[in-house]
Amino acid sequence: MKSVTKLGWTAYALAAFVIVADQLSKHWILFVYDLPSRFSVPIAGPFSLTMVWNRGVSFGLFRADADLVRWLLAAFSVIVAIVLAAWARKAERPFMAVGLGLVIGGALGNVIDRIRFGAVADFLDFQRLGFFPWVFNVADSAITIGVVFLLLDSMRKESAS
């Protein structure tokens, strides 16, 4: 078995943290705060908590109402997470490790929802800003920020060897 770099372990730890934070936030929203019975609650300024069950791929795109599609989306997300985890194993740059960890954790956090509930629980709502039309969750945020880190990593200057 190939060894994992120190930054690879960092990526795995970050992925685990994202999964835990995502699932704890969803547990609180669904079962403690009971947002589904309230639907939408203004919090501060343009921020509200709004309950949305996302059956689509990302941001509600490609809605997946059929049970087969739900399982295909879950399987695809797991495969992507496995591929990214293999890539993270040899991470040698901090932005790459952070990006991979965030994307892996976010993908798996949303997979857990698809398996448990048949849809992803979204609740962070900044729609009143006018330019941000989606309701999202911690996992979605991690994926988005992770992709930004991966893009920044890809734009770095290669060191001369």
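**Close-up views of a predicted model**

**View A. Helix 1 against helix 5.** Helix 1 (residues 6–32) and helix 5 (residues 138–154) pack at an angle of about 150 degrees, and their axes lie 8 Å apart. The model shown here and in the other views is predicted. From helix 1, Val18, Ala21, Asp22, Ser25 and Lys26 take part in the contact. They meet Val138, Ala139 and Ala142 of helix 5. By class, the residues of this contact are 5 nonpolar, 1 polar and 2 charged.

**View B. Helix 1 crossing helix 4.** The axes of these two helices come within 7 Å and cross at roughly 35 degrees. The crossing of helix 1 with helix 4 is right-handed. Residues of this contact divide into 16 nonpolar, 6 polar and 4 charged.

**View C. Helix 3 beside helix 4.** Helix 3 (residues 67–88) and helix 4 have axes that come within 9 Å and cross at roughly 155 degrees. Angles over 145 degrees count as roughly antiparallel, so helix 3 is roughly antiparallel to helix 4. Their crossing is left-handed. The residues that helix 3 brings to the contact include Arg70, Trp71, Leu73, Trp87 and Ala88. Among those they meet in helix 4 are Met96, Leu100, Val103, Arg114 and Ile115. This contact has 17 nonpolar, 1 polar and 2 charged residues.

**View D. Helix 4 from end to end.** Does the length of helix 4 fall where 1.5 Å a residue would put it, and what span should its 24 residues have? Helix 4 covers residues 94–117 and should span 34 Å. Its end C-alpha atoms are 34 Å apart, which agrees. Just after the helix comes glycine 118, with a positive phi of about 85 degrees.

**View E. The hairpin of strand 1 and strand 2.** Strand 1 (residues 40–44) pairs with strand 2 (residues 47–54) in the antiparallel sense, over 4 bridges. Serine 40 has threonine 50 of strand 2 as its bridge partner. The hairpin has 2 residues between the strands. In this hairpin, glycine 45 takes a positive phi near 55 degrees.

**View F. The open sheet.** The sheet has 4 strands in the order 1-2-3-4, with antiparallel pairing. Strand 1 and strand 4 (135–136) stand at the edges. Each has a single partner strand, so one side of each is left without a neighbour in the sheet. Strand 2 also pairs with strand 3 (residues 120–125) in the antiparallel sense, over 5 bridges. In that pairing, asparagine 54 has valine 120 of strand 3 as its bridge partner.

**View G. Helices on the sheet.** Helix 1 lies across strand 2 and strand 3. It runs at about 85 degrees to strand 3. Helix 4 also packs on the sheet, where it touches strand 2 and strand 3. The direction of helix 4 makes about 125 degrees with that of strand 3.

Methods
Residues are numbered from 1 along each chain as its sequence is written. This is a predicted model: local features need pLDDT of at least 70, side-chain atom pairs count only at pLDDT 80 or more; totals for chains, interfaces and linings use all residues. Side-chain values use heavy atoms; hydrogens and water are left out. The expected span of a helix is 1.5 Å times one less than its number of residues. Two strands pair if DSSP finds at least two bridges between them. Axes are lines fitted to C-alpha atoms, for helices over the stretch in contact, and angles run from 0 to 180 degrees between N-to-C directions. Angles under 35 degrees count as roughly parallel, over 145 as roughly antiparallel, 65 to 115 as roughly perpendicular and the rest as oblique. A crossing is left-handed if the near helix is turned anticlockwise from the far one by less than a right angle, and right-handed if clockwise. Contact means heavy atoms within 4.5 Å. Ala, Val, Leu, Ile, Met, Phe, Trp, Tyr, Cys and Pro count as nonpolar, Asp, Glu, Lys and Arg as charged, and the others, Gly among them, as polar.
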